[in-house]
Structures are given as C-alpha cells and as structure tokens.
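Student: Hey, got a minute to walk through this one with me? I'd like to go over a residue and then a metal site.

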Amino acid sequence: MTTQAYIDANRERYLEELFQLLRIPSISTASEHDDDTHQCAVMVQEYLVRAGLDKAALYPTDGHPIIYAEKIIDESLPTVLVYGHYDVQPADPLDEWNSEPFEPTIKKTEIHPDGAIFGRGTTDDKGQMFLHVKAVEAMIQTDSLPCNVKFMIEGEEEIGSPNLEPFIKKHKAMLKSDVILISDTSLLSKEVPSITVGLRGLAYMDVSVKTARADMHSGLFGGAVANPINTLAKMIAQLKDEDNRITIPGFYDDVHFPSDRDREMMRNAPFDEQEYMDSPGVYGLEGQSGFHTYERTGILPTLDCNGIWGGFTGEGSKTVIPAKASAKISMRLVSKQDWHKIADLFTEHFKSLAPDHAKVTVTPHHGGNPYVTPTDTPEYRAAAEAMKDAFGVEPVPMYEGGSIPIVAKFKEVLEVETILMGFGFDTDGLHSPNEHFGLWNYYKGIETVPAFYRHYVGLKAGV
Ligand code: BES
Ligand code: MN
Ligand code: MN
C-alpha cells in the first residue's frame, strides 16, 4: 500500500483520534487543569507508540511533561526532529464561543467550505502537531519512512517554555538531528502556500508606578499630587512617536531589513487585507508609517501594552487618587535584536521618563529571540519541493508576527536550523474564541509531510 492510500483508508480514524486530544483541556497556565494537561501528555505518548515509534516516554519537568519518541531506521541516514506543543491557551471569554471549546465541532465557513473543526487548540497546536504523528504513522506502517525521525512535544509553549531550554541542554545527544520541523505557524492561502522564514522574538515586561504610601481623597489631594495612572499613561504614550516609531534609544540598532527583492516578494504575496481585518473585526488599521501591513507584523518590531490597571474599577464611583498603577508591556522583536539587551534598554529609558517623585519598577517577565530560517539549504529546498508537490505551486517565504521562543534556542543549543511549515490560517482564531482548523488543512498537512521527508533524503544524498 502506498503512504497516500494508507492515509486515505484511515481518514475517519485520523480525525476521531484528533478529537480525543482536543477534548482534553490542557491549559498550561491554569493549575486547576494540571491533571488534564498531564492526561493529554499521556495520550500523545500513547498515539506515538501506536504510530509505531520507539522509546516513547514522558519526561517530567518542574512544570508539565515533555514527550519524546523516535524511530531510527539507519544511523547513517538524516534525522528529522519534530517539535510541537500539546498545551493550549485558556478558552475565555467563554460566552463568545458558538460551540463548546473542548468539544470539537465541525462547521463550514466561507474560508473552509469543506468544514473546519472548532475548538481550543485545533490549529494551535494540537491539530498541526498531530498531523505529523499521523503522517509518520502512515510512512512507518507502509514501510516508506525514508530516514530517522524524533518527536519532542512539550506542554508549556503557551507560557514561554520555561522548562524546555534546560531539557534540550541536558539531552543534546538524544536530540541530535539534521533539521527541526515544526507546524505551528500559518499558511498564506489554499492557492498560494507559504513557508515561514521569520518568527519574531519577545520581551515581556511588568511595570508599575508608585507615587504615595496610601490612596488619598481626590478632593483633598487632587491637583496637588501626581496621579500614578496619569503618570503611567503619559510614560507609555511617550514610548512611540507620531509615526508609531518606538522612541527607546538604541531600540532599532540590531534591526536589519530583508533584501529589497524579498520585501518586493512579500509585498506581492496574495495577502488579503480585508480578510485579515474581518477575522477579529477591527475597525481600521494603524502602524508605523511607510510600511505595508504584512511588513508591520513581519519585519518590524512592536511595543504594546497588554494590560493596565490601578485605582478604582468596581461598581459605582469612588473619589480617590490611587497610590499605584501598573501595566504589562511587551515588545515583539525582529532580526538580530536580543531580548535581554532590549529589556535593559527599555528599563533604563522607561525609568528616565518618570518624574523624581514617582517610584518606578520594571521587571522582565519572559522573552525569547527572533529567528530567521536560511533559505539556501537542502532542508528549505525540501520543504519548498514538498509544498510544490502538494499545492502545485512554489511556496512564498513569509515573515510572521508570532513567536516560538524556543526556536532561537534550538539554533543556539542544538545548532540545528528549523523549518516552519505551518498549515493553519491567520484567520483561524488562534488564542481567540471559536478557534478552528480546516479539515482540508489537516489532511493537506498529512499529505505534505511525507513529501518533505522524501525530498529531504534525496537532496541530502545529492549534496
Ligand atoms: N503558534 C503560536 C505562534 C505563531 C502563530 C507564530 C502563528 C506564527 C504564526 C504560538 O503557540 C504562540 O502563541 N506563541 C506565543 C509565545 C509566547 C507565549 C511566549 C506568542 O506568539 O504570543
Ligand atoms: Mn503554537
Ligand atoms: Mn499559541
């Protein structure tokens, strides 16, 4: 039986098994779901065993377990290391879901006329991770796996992978590989496939401004003392200029833009701005002057306030001048920006914006460096050929706005490059209510992966 015939014969089961994974609320940030998250890891391990992989095991960490499995057919052949995550974001706000977030439901949409699976984690990343398990199963069961494969699936990606870096440092030999393959990014469209060649980094900061020991009567003190909410708002507002350029001195020092040719290619990519706006229903676009929307999310860094609080926010009113205000501010990083360096530049500049009578604290929360995939390699070529086989056209290299902070660490620690071959769409509602993953996308992914292995082995042998 051919690999594709096996996939076709097992279509229904492949979907039912994914549903089993989707039913488990493996929300890594919520400790009340720790048992669920663990149960989900066990299920991934079991599916890897059933797919025909060896040594499938759960590695406990200080947080959620990491699953490792491998199939070594010949030490002299190349090894592909597949990475993915089984943890998901919280499902809230729950009342905005049209179906239960942890009861996968198939519905048709305009973009997914063949139907899409709705549920938390469908596209990010259970559906995309599992398509590799199913593709490798099809290759093993039809004796057509052309090289070695290893799986490393973690349960803490959505909380910044705090335990993965020590794990990869400790298990360098076990993780030895020639390429890392990940499906946890987006595809441009059904007609025009893309391979992600840029991921942004992240520097996430907690800040607070304190101006007094205690809250005060706003009649007795208002007008004569600083209000920390106003102070904080003013400080945040100064972090960007009229053109939406970030004002932190030195912030752009390590930002290098792609070549004019690559920028031209990105500009011509069939990016549907209206569709992009419609999926969250934004009222208009705003960003740094002189850049196209796709460049604003792909090749430019950002600075955004993710939350802000202070003072009285309860029912009714309270005439008070608060003593303290706080915010969470994150920066997406690109190119050669280093998150520790950016965190330091931010801290120094932010503190300098405060008046003397305000006490400012800045604490870095977590972060990661950006990553750019080299395209002049057999692994990139293999991915492009596989996409070409499955979609009929050459894929477009795309810089994406999201982050997978561990990818830069893979390069640094394991010294291996990563191929980001995503099969979801930006409009699939990742981290949002009604997240979904197209059935077409799921099966297209399962079909494309074996083509990658085939081309990769061929190209490596030819080198
Ligand atoms: N899969 C996403 C990242 C992504 C999505 C990249 C689409 C490119 C296109 C990942 O699960 C994610 O959400 N990452 C977080 C990282 C953070 C929690 C450290 C992000 O980007 O916010
Ligand atoms: Mn993800
Ligand atoms: Mn995510």
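Student: Okay, where does M235 lie?

Tutor: Keep in mind that this is a predicted model. M235 lies in helix 6, which runs over residues 228–237.

Student: Buried or exposed, that M235?

Tutor: M235 is buried, because its relative accessible area is 1% and the cut-off is under 20%.

Student: And which residues does M235 touch?

Tutor: Leaving out residues up to four places away in sequence, M235 touches V209, F350, L353, A354 and V360.

Student: How far apart are M235 and D125 in space?

Tutor: C-alpha to C-alpha, M235 and D125 are 37 Å apart, and in sequence they are 110 residues apart.

Student: Switching to the metals. What coordinates the manganese ion (ligand 2)?

Tutor: H85 does so through NE2, and D124 and D184 through OD atoms, with D184 listed twice. The distances are 2.0 to 2.4 Å.

Student: Why is the arrangement around ligand 2 called irregular?

Tutor: The 6 donor atoms around that manganese ion subtend angles of 57 to 166 degrees, and octahedral would need all angles other than those between opposite donors to be between 65 and 115, so the site counts as irregular.

Student: How are its donor residues spaced in sequence?

Tutor: The pattern for ligand 2 is H-x38-D-x59-D. The pair H85 and D124 links distant parts of the chain, 39 residues apart: H85 is in strand 3 (residues 79–85) and D124 in helix 4 (residues 122–141). Both H85 and D124 are buried.

Student: Which residue coordinates both manganese ions, ligand 2 and ligand 3?

Tutor: D124 does, and the two ions are 3.6 Å apart.

Conventions: Residues are numbered from 1 along each chain as its sequence is written. Chains are lettered from A and ligands numbered from 1 in the order in which they are written. This is a predicted model: local features need pLDDT of at least 70, side-chain atom pairs count only at pLDDT 80 or more; totals for chains, interfaces and linings use all residues. Side-chain values use heavy atoms; hydrogens and water are left out. Helices (H or I, at least four residues) and strands (E, at least two) are DSSP runs, numbered from the N terminus. Buried means under 20% relative accessible area, exposed over 50%, partly exposed in between (1.4 Å probe, protein chains only). Contact means heavy atoms within 4.5 Å. Donors are N, O and S atoms within 2.8 Å of the metal (3.2 Å for Na, K and Ca); water is not among the atoms, so sites may look incomplete. Four donors count as tetrahedral if all angles lie between 85 and 135 degrees; four count as square planar and six as octahedral if opposite donors are over 155 degrees apart and all others between 65 and 115; anything else is irregular.
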